[in-house]
Amino acid sequence: MSDKEHKIRARAYELWEREGRGHGSHDRHWSEATRQVEAEEAASARPAAVKSAVGKPASAKAAAPADAAKPAAAKPRKARAPKAAAEGKAKA
């Protein structure tokens, strides 16, 4: 058995288990497993230059810092005295 066939067989088994081990879906599981394994092999066969260029911005200015996506943390607020208590002190 080839390495590719072993990967397909294992993936088809995983799909079968994930779907509750039902009967009658062998062909569908095998087809889906074959598609997934071949897609993974094609992705790993890409030249290194193509892999390194994928997902990188055209220039350094285009890249946003990692912190830019995070919202600013809210500053803690000081506890305020109830309005009635503050007014009572002012009248006295």
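Let me start with one helix pair: the axes of helix H1, residues 3–18, and helix H2, residues 26–45, come within 8 Å and cross at roughly 125 degrees. Before I go on, this is a predicted model.

How are H1 and H2 oriented to each other? An angle of 65 to 115 degrees would count as roughly perpendicular and one over 145 as roughly antiparallel. The crossing here is roughly 125 degrees, and H1 and H2 are therefore oblique to each other. As for handedness, H1 passes H2 in a right-handed crossing.

Now the residues at that contact. On the H1 side we have Lys-4, Glu-5, Lys-7, Ile-8, Arg-9, Arg-11, Ala-12, Leu-15 and Trp-16. They meet His-29, Trp-30, Glu-32, Ala-33, Thr-34, Gln-36, Val-37, Glu-38, Glu-40 and Glu-41 in H2. Sorted by type, the residues of this contact come out as nine charged, seven nonpolar and three polar.

Stepping back to the whole chain. What is it built from? The protein chain has four helices and zero strands. Read from the N terminus, the order is α-α-α-α.

Next, burial and surface. Of the 92 residues in the protein chain, 11% are buried. The chain exposes about 8,200 Å², and 57% of that area is supplied by carbon and sulfur atoms.

Last, contacts along the sequence. Take the contacts in the protein chain between residues at least 6 apart in sequence: 38% of them join residues at least 24 apart.

To recap, we have a chain of four helices, with H1 and H2 meeting in an oblique arrangement and a right-handed crossing.

Terms used: Residues numbered from 1 in each chain as written. Predicted model: local features only at pLDDT ≥ 70, side-chain atom pairs only at ≥ 80, totals over all residues. Heavy atoms only, no water. Helix = DSSP H or I, 4+ residues; strand = E, 2+ residues; numbered from the N terminus. Buried < 20%, exposed > 50% of the residue type's maximum accessible area, 1.4 Å probe, protein only. Contact = heavy atoms within 4.5 Å. Areas by Shrake-Rupley, 256 points an atom, 1.4 Å probe, with all protein chains shown as cover. Axes fitted to C-alpha atoms, helices over the stretch in contact; angles between N-to-C directions. Parallel < 35°, antiparallel > 145°, perpendicular 65-115°, else oblique. Left-handed = near helix turned anticlockwise from the far one by under 90°. Nonpolar A, V, L, I, M, F, W, Y, C, P; charged D, E, K, R; others polar.
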